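Here are my notes on this one, as promised. Have the viewer open while you go through them.

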Amino acid sequence: MSLKKKIILSFLVSALIITLLSVFLYLNFVEIKKETAFLELTDTIRSKSLQLRRHEKNYFLYAPAKAEEESKAIYAYLRELDDILNNMNPSSMDRTASLKTLVREYREQFGKIERLLGTAMAESERLKISSPAYLKISRLIESNFLDKPLEDVNYLQEVFSLPSSHNLISCLNEFDAEISALRKTGENILASSKELDKTARGKVDSFINMSRTAILVFFPLFLIVGFGAILFIISNVVKRLQLITNLIEKTGKGDFTHISNPAYEWGKDEVGQLIRKFNDMEELLSHREKELLRSKKLSAIGMLASGVAHELNNPLNNIYTTAQRLTKKSGDQIPLSVKNGLDDIFSQSLRVKGIVSDLLEFARGREPHIMAVELRSFISGAYKHLGSTISTGNVRFSQELHPDEIVMYADPEQLEQVFINLFINAVDAMSGEGALTVKAEEEDTLVRIKVSDTGKGISRETLEKIFEPFYTTKGKGTGLGLAIVYNIIQKHRGEIQVESEEGKGTTFIITLPKENA
C-alpha cells in the first residue's frame with residue numbers, strides 16, 4: 001500500500017471514530033431533548049394533579065355550601081389534564097395511556113358523586129318537611145354528607161329511626177363507597193404522574209450517562225488510533241530513510257554493496273520503491289565501475305601494446321625480409337639443416353608479424369565510420385569470410401531475424417571484425433562441429449543480436465576474465481579477439497554480455513543502438 005493511501009486510511013479511520021461519536025451524541029441529544037420536553041409535561045401533570053386533589057378535598061369539606069365553586073375548579077383541572085394528555089407527542093401516548101384512563105375514571109366517579117349529592121339534598125329537603133326535629137339539625141347533617149357520611153347514617157338511624165332502605169340512608173352509604181373510590185383514583189393519578197416524572201428523569205440521566213461513556217470511550221480510542229497510526233507511519237518511514245542514508249554514505253565511499261535487509265522490510269510504498277530504485281542504481285553503479293576499470297585497463301594495455309608493437313615492428317620486418325632474401329639467393333646450394341633453419345626463421349617471423357598486427361589493431365582502436373548496414377546479408381558475408389581461414393564444413397549455421405530485414409548504422413569493417421571473432425571462438429568451442437545460430441531482434445531504438453553455439457561452454461571463473469586482453473584458454477592465439485570485440489562494441493555505444501553453462505554452449509548478447517549517429 002502506498003504511503004499516501006496509508007495516511008488517508010489512518011485519517012479515515014480516525015474520522016470514522018469521531019463521526020460515530022458525533023452521530024451517537026447527536027442522537028442522544030435528540031432523545032434528551034424529547035425526554036426534557038416530556039419531563040416538563042409530566043411536571044405540569046403532577047402539578048395539575050396536586051391541584052385537583054386539593055380542590056377534591058375542599059369539595060368534600062365545604063359541600064354543599066361551596067360545592068359548585070370547587071366542582072368548577074375540579075372540572076377545569078380535569079380539562080387541562082385532558083388537553084395535555086390529548087396533545088401529547090404520539091411517541092409518548094403509550095406511556096400516558098394509563099393516566100388518561102385514570103382521569104376519565106376520575107371524571108365519571110366525580111360526576112356520580114355530584115348526582116348522588118343532588119339526590120341526597122332532595123331527600124333531605126323532603127325529610128325537613130316531614131320532620132321538624134330534622135329541620136333543626138339538617139344544616140349540620142348536610143355539611144357531613146361528603147365528609148363523614150357514615151356518621152350521618154348512624155345518627156339518622158339512631159335519632160330518627162330511619163330504616164336502611166330509606167333513600168337518604170342509601171345515598172349516604174353509597175357516598176362512602178364512591179368517595180373512597182374517587183380518592184383512590186385521585187391517589188393513582190398522582191402516583192402515575194410521579195412515576196412518569198421519575199421515568200422521564202431516569203431516561204434523561206441514562207442518555208446523559210451514555211453520552212459521557214461514549215465520550216470517555218471514543219475520544220481516547222480516536223487519540224490511540226489516530227496518533228498511533230501516524231506515529232507508526234512516521235517511525236516506519238524514518239527507519240527506512242535511515243536505511244537509505246546509510247546506503248548513500250557507503251556509496252559515497254565507493255562501496256556499492258546492496259542493502260542487506262530482506263526485501264519484505266523495504267515495504268511497498270513510495271519509500272520502498274525508492275529503496276528498490278536505489279538498490280538498482282547500486283547495481284548499475286557497480287557495473288559502471290567495473291566497465292570503467294576495464295576501459296582504463298584496456299587503455300593502459302593498448303598504450304603498452306602500441307609501444308611494444310611499434311618497437312618490434314621494424315626489427316621484425318628486417319628479420320623477415322632478410323630471411324626471405326637469404327632463402328631466395330641460397331637456392332639449393334646450402335646444406336639442408338641451414339635451409340630448414342632459414343625456413344623456420346621465416347615462418348616464426350611471419351607468426352610474430354601476425355601477433356604484432358593484432359597488437360596494433362587492438363591498440364589503434366580508431367573511431368567507427370558509421371554507415372547503413374543490412375544485417376542479414378552482412379552476417380552471411382562475415383560467415384563466408386570465416387570459411388577461408390578455418391574449417392566450417394561440419395558447422396550448421398543459421399540466422400533468425402525479426403523482422404527479416406533489419407537496417408542499422410555501424411562501422412562495417414569493425415562490425416565484421418566482431419562477427420568474425422565471435423564465429424571463430426564459437427567454431428573453436430565446438431571443435432568444428434555443432435550449431436552456430438545468430439538471432440537478431442529490432443526494437444524501438446536498438447538492435448539485440450545473440451550469437452549462440454553448442455560448444456563446451458565457459459566456466460564461471462573464466463566468464464569474469466573473458467574480455468580481458470591476452471586472456472585465452474585455447475592454448476593458441478594472442479587472447480586479443482574478445483578484447484577487440486569489446487572495444488568495438490564500446491565505441492559503438494553498445495553493450496556485450498555473455499551467458500554460458502559448461503556443457504551446454506555459450507551465447508554472446510550484443511545490444512547496439514539502431515541509429516548510431
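Where is the place of Ser161? Ser161 sits in the loop between helix H5 (149–159) and helix H6 (167–252). Keep in mind throughout that this is a predicted model.

1. **Ser161.** Have a look at the backbone here: phi of Ser161 is positive, about 55°, although the residue is not a glycine. Ser161 counts as exposed because its relative accessible area is 55%, and the cut-off for exposed is over 50%.

2. **Arg493.** The loop between helix H12 (481–491) and S6 holds another backbone point to check, at Arg493. Its phi is near 60°, again a positive value in a residue other than glycine. With a relative accessible area of 53%, Arg493 is exposed.

3. **Pro403.** There's a cis peptide bond from His402 to Pro403, with omega near 0°. Pro403 belongs to the loop between S2 and strand S3 (407–410).

4. **The sheet.** Five strands make an open sheet in the order S2-S4-S5-S7-S6, and the pairing is mixed. Strand S2 (394–402) and strand S6 (495–501) are the edges, each pairing on one side only. From one strand to the next, the twist averages 15°.

5. **S5 with S7.** Eight bridges join strand S5 (residues 446–453) to strand S7 (residues 505–513), in the antiparallel sense. If you want a register check, Val447 has Leu512 in S7 as its bridge partner.

6. **S6 with S7.** This pair is antiparallel too, over seven bridges, and Gln497 has Ile509 of S7 as its bridge partner. The two strands form a hairpin with three residues between them, and Gly503 in the turn has a positive phi of about 90°.

7. **The two faces of S6.** In a regular strand, side chains alternate between the two faces of the sheet. S6 shows that alternation: Ile496, Val498 and Ser500 point to one face and are buried, whereas Glu495, Gln497, Glu499 and Glu501 point to the other and are not.

8. **Helices on the sheet.** Helix H9 (residues 375–386) lies across S2, strand S4 (433–442) and S5, and runs at about 165° to S2. H10 also packs on the sheet: it touches S2, S4, S5 and S7, with its direction making about 25° with that of S5.

9. **The cores.** Which residues have the most contacts inside the largest nonpolar core? They are Leu375, Phe419, Phe423 and Ile449, in a core of 49 residues. Helix H10 (residues 412–429) gives the largest share of this core, eight residues. A second, separate core has 43 residues, among them Ala63, Tyr106, Leu127 and Val153.

10. **Phe419.** Leaving aside neighbours within four places in sequence, Phe419 is in contact with Phe378, Ile379, Ala382, Ile449 and Val451.

11. **Helix H2.** For the 20 residues of helix H2 (residues 67–86), 1.5 Å a residue gives an expected span of 28 Å, and the end C-alpha atoms are 28 Å apart, so the two agree. Its buried residues include Ala67, Glu70, Ser71, Ala73, Ile74, Tyr77 and Leu78. Further along H2, Leu81, Asp82, Ile84 and Leu85 are buried as well. Helix H1 (3–62) and H3 are among the elements that cover them. As for the spacing, an α-helix has 3.6 residues a turn, so residues three or four places apart point the same way.

12. **Helix H3.** Run the length check on helix H3 (residues 93–130) too: its 38 residues should span 56 Å at 1.5 Å a residue, and the end C-alpha atoms are 55 Å apart, which agrees. H3 does have a kink of about 25°, centred on Leu99.

13. **Ala133.** Buried, partly exposed or exposed: which is Ala133? Ala133 counts as partly exposed, because its relative accessibility is 42%. The residue is in helix H4 (residues 132–143). Ala133 and Val159 are 26 residues apart in sequence, and their C-alpha atoms are 9.7 Å apart in space.

14. **Val338.** Val338 is part of helix H8 (residues 336–364) and, at 40% relative accessibility, counts as partly exposed. Its C-alpha atom is separated by 172 Å from that of Phe175, with their positions 163 residues apart along the chain.

Definitions and conventions:
Residues numbered from 1 in each chain as written. Predicted model: local features only at pLDDT ≥ 70, side-chain atom pairs only at ≥ 80, totals over all residues. Heavy atoms only, no water. Helix = DSSP H or I, 4+ residues; strand = E, 2+ residues; numbered from the N terminus. Expected span 1.5 Å × (residues − 1). Bend = angle between axes of the 7 residues up to and from the residue. Core = buried A, V, L, I, M, F, W, Y, C linked by side-chain atoms within 4.5 Å. Buried < 20%, exposed > 50% of the residue type's maximum accessible area, 1.4 Å probe, protein only. Contact = heavy atoms within 4.5 Å. Pairing = 2+ DSSP bridges. Axes fitted to C-alpha atoms, helices over the stretch in contact; angles between N-to-C directions.
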